[in-house]
Amino acid sequence: PWALRGRSPVTGWDCLGCAEVGQSRALGTPEINSLGLYAADTQPRSPAGLLAAHFGAGVHLYQRAPDRTPAAILVFRVGRRPVHCGLYLGDGRFLHASQTADTVISPLDDPDYARAAADYYIPA
């Protein structure tokens, strides 16, 4: 299920928690818990607000990857503002946590996502 700031596939996660946990499992690497970078931020924020604060802080745990790199975290932006993320699975599909549909696999050509610019990130 979807849960703001969550990091568990059992009890819930938000889009960043889903992407980071999924990436570590796909790559067989230790999990990057970048949520700790804004854990002290107790202001109620929307998921997009948290994502913007996170990536706006100049996160150094990730590096840009070529587009459509499997197991990369895919960050959707509107303008310069990050608004959603997921884990790129390959074949034009990505895994993500959605507030309305819990955890789902969606195609990149879905109209909800095709309009947004996307960046791909792998662990640094």
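Arg68 is partly exposed in the predicted model, with a relative accessible area of 48%. The residue lies in the loop between β3 (62-65) and β4 (73-78). Its phi is positive, at about 60 degrees, although Arg68 is not a glycine. Ala71 is placed in the loop between β3 and β4 as well, and its phi is likewise positive for a residue other than glycine, with a value near 75 degrees. In terms of cover, Ala71 is buried, its relative accessible area being 11%. The loop between β3 and β4 thus holds a partly exposed residue, Arg68, and a buried one, Ala71.

The strands on either side of this loop belong to an open sheet of 6 strands. The order across the sheet is β3-β8-β4-β5-β6-β7, and the pairing is antiparallel. β3 and β7 are the edge strands, each of them pairing on one side only. From one strand to the next, the twist averages 40 degrees.

Within this sheet, strand β6 (residues 93-98) is mostly covered, with 5 of its 6 residues buried. On one side, β6 pairs with strand β5 (residues 81-90) in the antiparallel sense, over 3 bridges. The hairpin of β5 and β6 has 2 residues between the strands. In this hairpin, Asp91 takes a positive phi near 55 degrees. β6 also pairs with strand β7 (residues 102-107), again in the antiparallel sense, over 6 bridges. A hairpin of 3 residues makes the connection from β6 to β7.

The position of Leu95 in β6 can be followed across both pairings. Leu87 stands opposite Leu95, and in β7 the bridge partner of Leu95 is Ile105. For Phe94, the bridge partner in β7 is Ser106. In a regular strand, side chains alternate between the two faces of the sheet.

Helix α1 (residues 15-27) lies across β3, β4, β5, β6, β7 and β8 (117-123). Relative to β5, the helix runs at about 30 degrees. Glu20 is found in α1. With a relative accessibility of 1%, Glu20 counts as buried, because this value is under the 20% limit. The side chain of Glu20 is joined to that of Arg7 by a polar contact of 3.0 Å.

The cysteines were examined next. The structure holds 0 disulfides. Cys18 is buried, with a relative accessible area of 0%. The cysteine sulfur closest to that of Cys18 is in Cys85, at 8.0 Å, and this separation is too far for a bond. Cys85 is in no disulfide either, and the nearest cysteine sulfur to its own, that of Cys15, is 3.8 Å away. This distance does not meet the criterion for a disulfide, because the sulfur atoms would have to lie within 2.5 Å. Cys85 also counts as buried, at 0% relative accessibility.

For the protein as a whole, there are 3 helices and 8 strands. From the N terminus on, these elements run β-β-α-α-β-β-β-β-β-α-β. Buried residues make up 45% of the 124 residues in the protein. Among contacts with a separation of 6 or more, 54% are accounted for by residues 24 or more positions apart. The accessible surface comes to about 6,400 Å², and carbon and sulfur atoms contribute 53% of this area.

How values were computed:
Residues are numbered from 1 along each chain as its sequence is written. This is a predicted model: local features need pLDDT of at least 70, side-chain atom pairs count only at pLDDT 80 or more; totals for chains, interfaces and linings use all residues. Side-chain values use heavy atoms; hydrogens and water are left out. Helices (H or I, at least four residues) and strands (E, at least two) are DSSP runs, numbered from the N terminus. Buried means under 20% relative accessible area, exposed over 50%, partly exposed in between (1.4 Å probe, protein chains only). A polar contact is a pair of N or O atoms within 3.5 Å; within protein, one must be able to donate a hydrogen and the other to accept it, and residues adjacent in sequence count only if both atoms are side-chain atoms. Two strands pair if DSSP finds at least two bridges between them. Axes are lines fitted to C-alpha atoms, for helices over the stretch in contact, and angles run from 0 to 180 degrees between N-to-C directions. Contact means heavy atoms within 4.5 Å. Accessible areas come from the Shrake-Rupley method with a 1.4 Å probe; for residues, only the protein chains shown count as cover.
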